[in-house]
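Subject: Structure for your files

Hello,

Here is the structure I said I would pass on. My notes on it follow below.

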Amino acid sequence: MSTTSDTPTYDSLLSGITDPGGREVLDPATGEVVGRVAAAEPLAELLSREQGKPLNGPNARFEVGACAAWLRATAATELPGGTVVDDEDTHAELHYRPVGVVGAIGPWNWPMMITVWQVAPALRMGNTVVVKPSEYTPLSVLALVQVLNGALPADVLTAVAGDREVGARLSGHPGVDKLVFTGSTATGQAIIRSSADTVKRLTLELGGNDAGIVLPDVDPKAIAEGLFWGAFINTGQTCAALKRLYVHTDVYDEVCAALVEVAQAMPMGRGLDEQNVLGPLQNRAQHEVVARLVNAARDAGAKILLGGDPDPDAAGHFYPATIVADVDDANPLVAEEQFGPALPVVRYEDVDQAVAMANRLDVGLGASVWSSDREAARAVAARLEAGTVWINSHGGVHPMIPFGGVKKSGYGLEFGVEGLKAVAVPQVVNG
């Protein structure tokens, strides 16, 4: 493996993956057309076949479009550093140098998009990158890397497919100077241990079990669709999805009813069928996790308002959109990260109780507060132990807004200038 001190030419990278005759791509943050990508539709179809997510909705085509938009945003991000002191006695400059070789280990839920999140800032700062995709979705990432390498210089971006052993060797390799990982807390802990001997720099975006708090002043119908997509985007297979919802007793029944109404209207099925917006769980193991947790809630007396009844004879790993009410906060469906299309809705009496329940777990990736009074929502948000707290939405990311977790959800920041700093080495020149 080699390093380079030269920042890649982003104009050549972007021109290499765009084509005036290609598919129109929208910026996920603004909805504006940012270009046309020649490889967009083939990449989206491959992603749908391998990962399972539908082409339409906030799914496969959205993910490919986000990759192109994120590359452009990263290319336009101002590089960090500059003069920090300049007076009669001292002149000091802070520079951010390439760290060297960056290892990027990604997950199977958003394989292309998260790969770009990891790769784009590392290349922007002049590093070389070795990508290790999840063993569940290697083809999507390998295809993406092939497209990018059509514009990049040789040996700047490399992909190595394989199982956990390959990831362990990458995290412990003395030639890898920085490791960026998105995945489970357990795997992140293993990476910390295996990287210790080399004192490797790490950015870890680990597991979450995001809480949402609905205050009593909301209009249930007005927030229902936002709650649904916060929880069920990518069929619930998103680290920063809404996974446990705390609703004030005054609006509890109305919020549950509005959620069920929205969920019933969302078609689930084969990803290549254009009408579907929800797909299968990516693998059988995840299907079994969701089934176990929903069954535990049912056995404890919780009320299944919708779903919870997968067809055991159906092809694929489909689990219906499931909403569970009257569930205790200590129930495994609430306390464990289900990572699938099952949302427990917990009743609370006062805000202090809701905040305590939201903060009681040892993870803190994201959270959200829902209210018609933005200032009241911000006051509650300030009390939540999470890297990001959204107001009246959940899970949205922006290329210029730093993102990262607290507690066992990891450490380090991605996106924007902070993301560039994370894949560089600061050096002060004093004199």
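Contact in these notes means heavy atoms within 4.5 Å. The model is a predicted one, in which local features need pLDDT of at least 70 and side-chain atom pairs count only at pLDDT 80 or more, while totals for chains, interfaces and linings use all residues. Residues are numbered from 1 along each chain as its sequence is written, and side-chain values use heavy atoms, with hydrogens and water left out.

Overall picture

The protein has 14 helices and 20 strands, taken as DSSP runs numbered from the N terminus (helices: H or I, at least four residues; strands: E, at least two). Its radius of gyration is 22 Å, close to the 22 Å that the globule rule gives for 431 residues, so the protein is as compact as a globular protein of that length. The radius is taken over C-alpha atoms, and the rule is 2.2 Å times the number of residues to the power 0.38. Along the principal axes, the C-alpha atoms fill a box of roughly 65 × 55 × 45 Å.

Of the 431 residues, 54% count as buried; buried means under 20% relative accessible area, exposed over 50%, and partly exposed in between (1.4 Å probe, protein chains only). The exposed surface comes to about 17700 Å², of which carbon and sulfur atoms supply 51%. Accessible areas come from the Shrake-Rupley method with a 1.4 Å probe, and for residues only the protein chains shown count as cover. Among contacts between residues at least 6 apart in sequence, 70% join residues at least 24 apart.

There are 31 positive and 52 negative side chains, and the centres of the two sets lie 4 Å apart. Lys and Arg count as positive and Asp and Glu as negative, with His and the chain ends not counted; the place of a charge is NZ of Lys, CZ of Arg, CG of Asp or CD of Glu.

Aromatic pairs

The whole structure holds 9 aromatic pairs. Rings of Phe, Tyr and Trp (its six-membered ring) pair if their centres lie within 6.5 Å; planes under 30 degrees apart count as stacked, over 60 as edge-to-face and the rest as tilted. Trp70 and Trp117 make a tilted pair, 5.4 Å centre to centre with 45 degrees between the planes. The two are 47 residues apart, Trp70 in helix α3 (residues 60–76) and Trp117 in helix α4 (residues 111–124), so to speak of distant parts of the chain being linked is fair. Both Trp70 and Trp117 are buried, and they form one aromatic cluster with Phe403 and Phe415.

Trp108 and Tyr136 form an edge-to-face pair, 6.4 Å centre to centre with 75 degrees between the planes. Trp108 sits in the loop between β5 (101–105) and α4, and Tyr136 in the loop between β6 (128–132) and α5 (138–149), so this pair ties together parts 28 residues apart in sequence. Trp108 is buried at 13% relative accessibility, whereas Tyr136 is partly exposed at 39%.

Around Gln286 and Phe339

Gln286 is in helix α10 (residues 284–299) and is buried, with a relative accessible area of 12%. Leaving aside neighbours within four places in sequence, Gln286 contacts Trp108, Leu281, Gln338 and Phe339. Phe339 lies in the loop between α11 (332–335) and β14 (342–348) and is buried, with a relative accessible area of 12%. Its phi is positive, about 50 degrees, although Phe339 is not a glycine.

Two buried loop residues

Lys53 is placed in the loop between α2 (40–51) and α3 and counts as buried at 2% relative accessibility. The C-alpha atoms of Lys53 and Asn234 are separated by 6.4 Å, with their positions 181 residues apart along the chain. Not counting residues up to four places away in sequence, Lys53 touches a set that includes Glu63, Asn109, Trp110, Asn234 and Gly271.

Leu206 is in the loop between β9 (201–205) and β10 (210–214) and is buried, with a relative accessible area of 4%. Its C-alpha atom is separated by 9.7 Å from that of Lys407, 201 residues apart along the chain.

Regards
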